[in-house]
Amino acid sequence: MANEVVLLGYWPSQYGMRARIAVEEKGIPYEYKEEDAWNYDRSPLLLEMNPVHKKTPVLIHNGKPICESLIVIEYIDEVWNHKSPLLPSDPYDRAQARFWADFVHRKVYGAAKRIWTTKGEEREGGKKEFIECMKLLEQQLGEKPYFGGDNLGFVDVAFVPFYSWFQVYEKFGKFNMEAECPNIIAWAKRCLKKESVAKTLPDQHKVYDLAIWIRKKLGVE
Amino acid sequence: MATNQQVKLLGFAGSPFVARAELALKLKGVQYEYIQESLTNKSDLLLKSNPVHKKVPVLLHNNQPICESLVIVEYVDETWTGHPILPSDPYHRALSRFWSRFIEDQVMPPVFKAAWNPNKQERVKGAEEAREALKILDKELKVNGKFFNGDSVGFLDIAALIIFYWVPIIQEASEFNVYSGDKYPKLGKWSQEVLNDPVVKGVLPPRDVLLSFFKARFQSIVNSK
């Protein structure tokens with residue numbers, strides 16, 4: 001049976017980037033379709049494939065949809081298990097990978113969002129929490145080149161898309177990532193040497209311009 | 001190879017998240033030591049094992065900690081044989097994980113808001129959001145058999161138990177109403193199968209104890225103005 005893979009994504013979305021990096025790492029031939037999240041007319045395909053959330057990313061494999069970025073990564077890893085394993089084979093290491101991917105997904109995203117979509121005390125709170133998260137992640141990374149060890153793993157794929165948003169956080173949060181967590185910057189640059197990551201992550205300036213536009217639209221001065 | 005040496009579960013009686021971990025262990029027939037934690041006086045072991053969140057449940061297997069209830073359930077499934085918890089094929093695994101994520105992210109946060117937010121407006125808002133999420137769950141989720149994915153208790157049944165058992169008690173204690181088996185017959189039928197399973201029954205804390213606990217919690221929130 002032919003393997004037909006379609007990925008619905010939105011270029012600045014960290015979630016979409018995760019799914020894209022995963023398919024690229026596995027060398028899976030796929031068709032990418034851009035869905036503009038700010039265009040409220042969702043495409044019929046997106047509405048059909050993700051009726052629950054109406055959001056990207058959606059991986060459509062032989063017509064069947066898989067939604068939610070971390071779930072998409074695990075699915076890809078399980079189906080295309082012949083190369084570039086994203087999750088470790090040992091159950092304890094897998095549990096650690098899932099724990100830290102969940103940490104990135106819930107804690108980091110929430111704190112980061114507060115930095116650029118709020119102001120005053122709420123923004124400062126977001127910034128403080130974000131930096132704390134970065135330090136915890138630095139600790140977790142330790143001396144390893146990647147969270148996955150010698151190669152990109154589940155946590156790397158879950159976290160590296162945030163790199164494209166670092167300039168947004170720095171400018172609105174008024175801090176410097178390199179000064180606060182140099183090992184995270186070093187790690188991100190290492191990831192960017194991988195074709196799957198370089199091909200997927202948008203330029204930080206492009207993301208920053210979009211963030212300004214979104215803030216105007218949301219009415220945040 | 002999995003062994004039953006040194007399996008400990010740090011928990012708090014009555015916690016739906018701890019119940020998930022216990023259920024997984026019992027379904028696999030794993031012998032474990034249960035260590036009761038105090039919410040107000042957390043043990044050094046808990047703080048050392050879960051420094052990031054400082055919460056239960058924590059599973060300690062040969063002194064190695066695993067945290068987050070659904071991560072623990074997957075770990076138990078992968079470590080011990082017998083009674084598979086997640087389905088074997090990737091698509092159905094993805095579906096089980098998708099709906100459990102929906103329950104964690106879309107259903108339970110508004111339920112907790114409806115129950116315990118100090119602001120009444122926020123509680124009302126929480127109830128509305130919970131209703132919306134439950135409507136979607138009832139409409140879109142497809143139960144394939146007695147349980148979510150067949151004839152035995154699996155991952156999503158374990159994740160959904162919080163709705164089937166805890167939500168009705170919490171809503172009674174906090175005087176709001178978002179879920180009932182009558183309102184959502186599909187979920188109601190599924191919940192009956194899950195709640196009647198003998199292993200599930202073995203992990204459920206007594207209803208009256210939970211109700212008093214949650215009533216006291218609600219009263220303390222309403223009274224502190």
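User: Which side chains meet in a salt bridge with an N to O distance of 3.1 Å?

Analyst: In this predicted model, the side chains of E24(A) and K199(A) form that salt bridge, at 3.1 Å from N to O. The pair qualifies because the rule asks for a side-chain nitrogen of Lys or Arg within 4 Å of a carboxyl oxygen of Asp or Glu.

User: How many salt bridges does the rule find across the interface of domain 1 and domain 2 of chain A?

Analyst: Across that interface of chain A there are 2 salt bridges. Polar contacts between domain 1 and domain 2 of chain A number 7 residue pairs, both residues being at pLDDT 80 or more.

User: Which helices supply at least two residues each to the side of domain 1 of chain A that touches domain 2 of chain A?

Analyst: They are helix 1 (14-26) and helix 3 (69-79) of chain A. Helix 1 of chain A gives the most to this side, with 9 residues. By class, the side of domain 1 of chain A facing this contact holds 10 nonpolar, 2 polar and 5 charged residues.

User: Where do the two domains of chain A lie in the sequence?

Analyst: The domain assignment places domain 1 of chain A at 5-79 and domain 2 of chain A at 91-218. Their contact takes 17 residues from domain 1 and 30 residues from domain 2. The C-alpha centres of the two domains are 21 Å apart.

User: What area do domain 1 and domain 2 of chain A bury between them?

Analyst: They bury about 2200 Å², with 69% of it on carbon and sulfur atoms. W11(A), Q14(A) and W38(A) supply 29% of the area that domain 1 of chain A buries against domain 2 of chain A, more than any other three residues.

Methods
Residues are numbered from 1 along each chain as its sequence is written. Chains are lettered from A and ligands numbered from 1 in the order in which they are written. This is a predicted model: local features need pLDDT of at least 70, side-chain atom pairs count only at pLDDT 80 or more; totals for chains, interfaces and linings use all residues. Side-chain values use heavy atoms; hydrogens and water are left out. Domain bounds come from an automatic or database domain assignment. Contact means heavy atoms within 4.5 Å. Buried area is the accessible area (1.4 Å probe) that two parts lose on being put together, summed over both. A polar contact is a pair of N or O atoms within 3.5 Å; within protein, one must be able to donate a hydrogen and the other to accept it, and residues adjacent in sequence count only if both atoms are side-chain atoms. Helices (H or I, at least four residues) and strands (E, at least two) are DSSP runs, numbered from the N terminus. Ala, Val, Leu, Ile, Met, Phe, Trp, Tyr, Cys and Pro count as nonpolar, Asp, Glu, Lys and Arg as charged, and the others, Gly among them, as polar.
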